[in-house]
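Visitor: Please walk me through this model, and tell me for each label you use how it was earned.

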Amino acid sequence: MPDYIGNDNDIVVICSPDDRIYIKDMILGIFSNKVHTPQPENEFSLIFKEPWEIKNVKKYSNLIISSIDFPKDSTGDFLHKRIRLENKQNEPIFLLKNLFAKDQIVCMINSHDALTFNHLLNQYKNWLLDQFRESYNLKIHKRMYKSGFNNEISNKIKSIYNH
């Protein structure tokens, strides 16, 4: 399986143009948290793509593939249904790990209409944020320690700063 691409805090949201009209602001609202490093910046960077662009973005670290059944469309609904069936999932919201790349999470969200979609996001908001934050933290930790620990430097920092 290939390594993921993109920044650790990038989330690619794949949905049809018909659905995007209804769900874009809702998803942006969930992931609108700011971090101060020291300037305020978004905790996550959302990138919206169409379903036919999946080949270009499927190896990104974090994906959200979303679809609402009404209005019907032939792109987002088809992609979502295909992935759902291949992975034998029937829940309106679920997570897949390592679907297209290593250390990747793919969140699948489907609802009947925009109102139900909004209800789902409100119901699962904290869970969604926790999943993407945990994934982000694990990736950062893995990258920081890919060459191992340097106990000598760690002990020196601990003796100087007591940390």
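## Labels and their grounds

Guide: Of the 163 residues of the protein, 40% count as buried, where buried means under 20% relative accessible area, exposed means over 50%, and partly exposed lies in between (1.4 Å probe, protein chains only). The model is a predicted one, in which local features need pLDDT of at least 70 and side-chain atom pairs count only at pLDDT 80 or more, while totals for chains, interfaces and linings use all residues. Residues are numbered from 1 along each chain as its sequence is written, and side-chain values use heavy atoms, with hydrogens and water left out.

Visitor: How many helices and strands does the protein have, and in what order do they run?

Guide: There are 5 helices and 7 strands, taken as DSSP runs numbered from the N terminus (helices H or I with at least four residues, strands E with at least two). From the N terminus on, their order is β-α-β-β-β-α-β-α-β-β-α-α. The C-alpha trace spans about 60 × 35 × 25 Å along its principal axes. Among contacts between residues at least 6 apart in sequence, 72% join residues at least 24 apart, contact meaning heavy atoms within 4.5 Å.

Visitor: Why is H1 called roughly parallel to H4?

Guide: Helix H1 (residues 17-30) and helix H4 (residues 114-144) pack at an angle of about 20°, with their axes 10 Å apart. That angle makes H1 roughly parallel to H4, since angles under 35 degrees count as roughly parallel, over 145 as roughly antiparallel, 65 to 115 as roughly perpendicular and the rest as oblique. The axes are lines fitted to C-alpha atoms, for helices over the stretch in contact, and the angles run from 0 to 180 degrees between N-to-C directions.

Visitor: What makes up the contact between H1 and H4, and how do its residues divide by character?

Guide: H1 contributes Tyr22, Ile23, Met26, Ile27 and Ile30, while H4 contributes Ala114, Phe117, Asn118, Leu121, Lys125 and Leu129. These residues divide into 9 nonpolar, 1 polar and 1 charged, with Ala, Val, Leu, Ile, Met, Phe, Trp, Tyr, Cys and Pro counted as nonpolar, Asp, Glu, Lys and Arg as charged, and the others, Gly among them, as polar.

Visitor: Where in H4 is the kink centred, and what covers the buried residues of that helix?

Guide: The kink in H4 is centred on Tyr124 and amounts to about 65°, the bend at a residue being the angle between axes fitted to the seven residues ending there and the seven starting there. The buried residues of H4 include Ala114, Phe117, Leu128 and Ser135. What covers the buried residues of H4 includes strand E1 (10-14), H1, strand E5 (62-68), strand E6 (93-97) and strand E7 (105-111).

Visitor: Why does Ser135 count as buried?

Guide: Ser135 has 8% relative accessibility and therefore counts as buried. Neighbours within four places in sequence aside, Ser135 is in contact with Asn62, Asp103 and Ile105.

Visitor: Why is Asp103, one of those partners, given the label it has for accessibility?

Guide: Asp103 has 30% relative accessibility, so it counts as partly exposed. Asp103 sits in the loop between E6 and E7, and its phi is near 60°, a positive value in a residue other than glycine. Asn98 lies in the loop between E6 and E7 as well, with a positive phi of about 55° although it is not a glycine. The relative accessible area of Asn98 is 36%, and it is therefore partly exposed.

Visitor: Why are such phi values worth pointing out, along with any cis peptide bonds?

Guide: Most residues other than glycine have a negative phi, and most peptide bonds are trans. Here a cis peptide bond joins Thr37 and Pro38, with omega about -20°, and Pro38 is in the loop between strand E2 (34-36) and strand E3 (40-42). The bond from Phe70 to Pro71 is also cis, with omega near 10°, and Pro71 is placed in the loop between E5 and helix H3 (76-86).

Visitor: Why are Ile65 and Phe31 called buried?

Guide: Ile65, in strand E5, has 1% relative accessibility and so counts as buried. Setting aside neighbours within four places in sequence, its contacts include Ile14, Ile54, Leu79 and Val106. The C-alpha atoms of Ile65 and Val13 are separated by 5.9 Å, although the two are 52 residues apart along the chain. Phe31, in the loop between H1 and E2, is buried with a relative accessible area of 5%. With the same kind of neighbours left aside, those within four places in sequence, Phe31 is in contact with Ile11, Phe44, Leu46, Ile64, Leu129 and Phe132.
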